[in-house]
Amino acid sequence: MTTATQEPPLLSVMDLNVAYMVRGESCPVLRDVSLDVRPGEALGIVGESGSGKSTLAFSLLRYLPDNGRITSGTIRIGDVEMTQLSHAALTHERGNNVAIVYQEAGSALNPSMRVGDQIAEVFRFHTSAAGDEARSQAVEMLRSVLLPEPEHLARRYPHELSGGQQQRVVIAMALAANPKLLILDEPTTALDATVEAEIVDLIGTIRSQSNTAILLISHNLGLVARICDRVTILYSGRVVEQGTATEVLHAPKHPYTRALVASIPRFGDAKGTRYLRPIPGAPPSLDTVTQGCRFAERCPLAQSDCLAEEPPFIALGEGRTVRCYHADDASPLPLTEPGDEFPVTERRPEVLQLRNVTKTYKKTTVVHDLSLEIREREIFGLVGESGSGKTTLARIVAGLVEPTAGQILLRGRDVPRRLSRRPRDVKRAIQMVFQSPDSTLNPRHSVRFILQRAIKKLGSATTVLELARRVRLDQAQVESKTTRLSGGQKQRVAIGRAFAGSPDVVLLDEPVSALDVSVQASILSLLVESRRTSDASYVFISHDLAVVRFLADRIGVMYLGWLVEVGDAADVFAAPHHPYTEALVSAIPRLRSSSEQVSRIRLTGPMPPPSADQPGCRFASRCPRKIGSICDTEAPPWRQTGNGHKIRCHISPTALTEVQSGLKS
Amino acid sequence: MRNYLLSRVGQIALTLLVVSLLVFVLCQVLPGNLAQTILGPHATADQVAILNHKLGADQPLWTRFFSWLKGFVTGDWGQSQLLQEPVFGLIMGRLGDSLLLAAVAFVTIVPISVIAGIAAGLKEAGPLDRFVSIGGVSLTVIPEFVSGVVLLSIFAIGLHWLPVTAVAPPGSSFGVRLEYLILPAIPLAFVLFGYIARMARAGTIDVLAQPYYRTAILKGLPRRRIVVSHVTRNALPPTVAVIAGQVTYLVGGLIVVEALFNYPGIGKLLLDSATGHDITVVQAATLTLGLIIMLANLLADVLFAVLVPRIRLGGSR
């Protein structure tokens with residue numbers, strides 16, 4: 001993008017200050033934010049929740065809540081000064097010159113209007129097109145975001161589309177009026193890994209075909225690395241570091257950026273090779289007034305000058321700035337976690353066995369004839385995309401869903417299918433932690449009450465404080481109501497509750513996917529650490545392969561109700577692996593610049609309806625390695641590759657190794 | 001959608017069967033001797049026996065129930081003891097009058113309440129919202145017999161703007177008949193307004209919190225388009241459900257208002273028959289009203305499904 005640097009910026013934000021009125025006080029949310037995006041360029045805005053990154057996105061569109069206000073600064077898009085626009089001019093600008101795509105595509109679409117009509121609306125009000133012309137242009141937009149059968153799709157309602165299709169429709173809608181600036185606010189957060197990869201491809205296509213400037217807001221550093229040319233790091237409403245994506249993400253200078261990069265599990269990090277470093281503490285609340293650096297309180301390198309006065313921007317080179325006095329201090333960030341070795345689990349006896357577990361709802365098979373063993377003290381990662389049946393499987397083990405057939409054995413003893421039939425010691429032995437702690441903790445109860453009740457119900461000898469200490473909640477948090485806790489703290493309570501009765505197996509269903517990266521790191525470390533003090537095995541369910549790779553000893557991969565591969569983590573992530581696993585692994589966004597990306601496998605072809613009881617392999621319709629009609633007609637056999645690693649595929653492991661390592665060279 | 005409708009119709013049939021059994025038990029079995037109940041305490045034993053035989057009350061319970069049910073289904077609803085008329089024709093005639101009154105109340109108040117509710121919701125906590133919310137609650141909690149009497153004394157007796165009775169002289173034009181219905185319709189409308197406007201308001205506020213409302217704004221659509229296609233369209237379904245639910249209330253309200261204004265609708269008929277021990281009419285009228293309530297709810301379900309594509313086209317994938 002060296003040629004682009006000569007052009008004048010399309011978006012130019014200068015000293016932008018935004019404040020919210022909270023209880024009569026004006027709290028600054030964005031302070032002196034300045035940034036530029038040139039035509040055709042992609043800028044990434046990275047920050048945790050509360051950093052003000054979404055406020056920034058909506059400020060650019062002048063869409064702030066009633067108590068929010070731009071207090072000073074300028075926002076220029078093209079030759080329009082956004083802060084000065086009248087309401088009518090603003091309506092013209094929105095959708096026409098600036099468009100936004102945000103997280104929940106499903107709820108961003110009007111549920112009672114056909115998707116084609118929702119796109120046609122943009123043409124109708126921003127161009128001279130009307131009626132049929134607008135409608136046919138909408139179909140063309142759907143075609144341009146590579147949706148199959150656009151004429152047919154335009155007549156569908158949002159609920160009839162998959163999550164990935166919905167996001168494509170939202171992107172098509174945003175691009176309809178050919179905006180100069182496209183803002184993407186966490187566009188893939190709610191999507192599966194392979195769908196995310198498709199959307200990333202689509203954004204790449206858009207960039208190559210138009211000169212649209214892109215502002216990508218995300219906490220996903222891998223995604224930012226893949227899409228963006230330059231990155232701006234936002235902390236507590238301030239820009240703390242700016243530069244090219246490669247420089248900022250590979251040689252971060254600001255201690256916050258360094259901490260952020262260190263807190264995410266990178267792909268390729270196997271367990272035991274590297275620590276995740278959670279950032280201690282939390283960002284200062286909006287109304288906290290500080291004289292010095294906003295990060296100083298959490299910064300391991302902070303010195304007295306950091307507290308006295310806020311550091312200015314220090315230029316480190318062309319377009320690279322950092323707001324830190326000690327950016328040249330390369331001393332390593334001290335470890336914030338105790339201990340420095342991971343227990344390596346040897347082969348231990350099996351604690352939980354699933355035998356031929358099947359769950360069907362009417363004609364839909366959600367879990368198909370699945371057999372699996374979980375060993376003592378192991379972390380078993382269960383991976384798969386939405387609809388793979390992984391959550392249903394966990395719920396079957398937890399007794400929340402009754403299987404249609406099959407057997408569950410706990411230490412060789414048959415476990416009743418229904419929770420109400422399970423004796424207390426079985427209930428104690430199998431515990432579950434859910435994705436969203438918000439909806440599983442009663443908001444009217446204190447943490448103490450919740451933990452106390454769990455201890456009492458499970459007949460355990462531990463105390464509330466002992467339990468709280470284990471999940472690192474302090475005395476004040478124990479006494480407070482759950483509504484006053486942050487997402488990460490609530491998840492700690494949920495984990496503490498699961499550990500109240502020294503369980504044998506803890507089922508964790510996406511326990512960190514709703515949390516910020518740095519908080520995610522602290523929960524993951526907590527899980528690793530609590531294994532040192534407990535004999536529990538974990539079944540860790542996630543769609544985030546990097547997290548699973550970091551945490552799990554063994555991994556099982558599910559696709560549409562079938563277990564397609566199981567084995568030690570290292571074996572599953574290396575060739576030979578199942579073609580579906582291969583596609584998943586290649587879809588992981590890595591913290592490399594776009595030129596270094598490994599070639600990615602794209603899954604095409606339709607997903608079979610889960611009801612179709614076809615005789616062949618479930619993955620056959622999308623498999624890039626399909627060998628012929630045998631895949632459609634015969635169920636693939638399990639093939640052993642040694643060390644307990646097995647793959648369910650018609651292709652032999654040797655042949656798989658050949659094609660899969662051939663791809664990488 | 002078809003399966004859904006069929007299952008709803010099945011449910012309704014089953015519910016009606018239970019209702020008919022309840023009505024039968026309450027009217028014929030629990031009071032004890034049917035003819036005694038009808039004829040009163042001063043009837044002779046002979047008279048009682050003759051009437052019991054005439055009514056078939058000397059037959060076994062199940063036989064009586066099923067023959068009554070069969071009669072009801074085939075339109076043979078029996079003879080009114082009090083008015084000496086076939087019950088079917090009697091009820092249908094009165095029902096027509098009641099429906100006219102209910103329709104006047106409905107047609108006037110539904111559009112007003114929906115528009116007021118949406119306008120209030122769009123400017124939550126604004127002056128109009130305060131007015132609609134507080135006014136709605138106040139009107140809802142005033143019983144019809146209170147508002148009816150007050151309105152009657154002010155507009156009919158005091159100011160002479162409107163007639164005191166609800167029935168126009170025979171041979172009056174439709175317009176005149178409507179004029180006579182205004183006063184009795186208002187107490188019904190009062191209560192409806194509160195429910196419907198509050199629901200439309202809540203539906204609107206709910207939509208305004210949805211991301212698709214934000215999408216519509218950030219697409220740069222004009223305000224009117226947003227309110228009509230994106231807000232109203234999605235605020236309506238729950239309101240429709242409430243409106244149909246109010247039919248149940250309307251039936252109860254009708255009895256009170258019809259008695260108050262001496263209006264010869266089905267409510268008044270039910271009241272008169274009950275006080276006059278005209279069991280045949282009470283049974284038939286009660287079951288008819290039950291049928292109407294069920295049909296109104298079915299209509300609401302159909303309308304809801306038509307308005308919500310997710311339901312109309314089957315669940316999400």
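Start by selecting domain 2 and domain 3 of chain A: their C-alpha centres lie 30 Å apart. Keep in mind as you look around that this is a predicted model. To place those two domains, colour chain A by its division into domain 1 (105-178), domain 2 (350-536) and domain 3 (574-664).

**Where the chains meet**

Next, show both chains together and pick out the residues in contact. You should find 26 residues of chain A touching 21 residues of chain B. On the chain A side, the elements that give two or more residues are helix 2 (87-93), helix 3 (105-108) and helix 4 (115-126). Which of these helices gives the largest share of that side? Select helix 4 of chain A, which supplies 4 residues. If you now colour the side of chain A that touches chain B by residue class, 11 residues are nonpolar, 10 are polar and 5 are charged.

**Chain B as a whole**

Hide chain A and switch chain B to a cartoon view. Chain B has 13 helices and 0 strands, so to speak an α element at every step of its pattern along the sequence. Along its principal axes, the C-alpha trace of chain B spans about 85 × 60 × 35 Å.

**A crossing of two helices**

Now select residues 87-122 (helix 5) and 266-275 (helix 11) of chain B. The axes of these helices come within 7 Å and cross at roughly 130°. Parallel, antiparallel, perpendicular or oblique? Angles over 145 degrees would be roughly antiparallel and 65 to 115 roughly perpendicular, so helix 5 of chain B is oblique to helix 11 of chain B.

Show side chains at the contact:

- From helix 5 of chain B: B:Ile91, B:Arg94, B:Leu95 and B:Ser98.
- From helix 11 of chain B: B:Ile266, B:Gly267 and B:Leu269.

By class, this contact has 4 nonpolar, 2 polar and 1 charged residues.

**A bent helix**

For the last stop, select residues 174-208, helix 8 of chain B. This helix has 35 residues, yet its end C-alpha atoms are only 43 Å apart, short of the 51 Å that a straight helix would reach at 1.5 Å a residue. Zoom in on B:Ile182, where helix 8 of chain B bends by about 45°. A proline, B:Pro184, follows within four residues.

Methods:
Residues numbered from 1 in each chain as written. Chains lettered and ligands numbered in written order. Predicted model: local features only at pLDDT ≥ 70, side-chain atom pairs only at ≥ 80, totals over all residues. Axes fitted to C-alpha atoms, helices over the stretch in contact; angles between N-to-C directions. Parallel < 35°, antiparallel > 145°, perpendicular 65-115°, else oblique. Contact = placed C-beta atoms within 7 Å. Nonpolar A, V, L, I, M, F, W, Y, C, P; charged D, E, K, R; others polar. Expected span 1.5 Å × (residues − 1). Bend = angle between axes of the 7 residues up to and from the residue. Domains from an automatic or database assignment.
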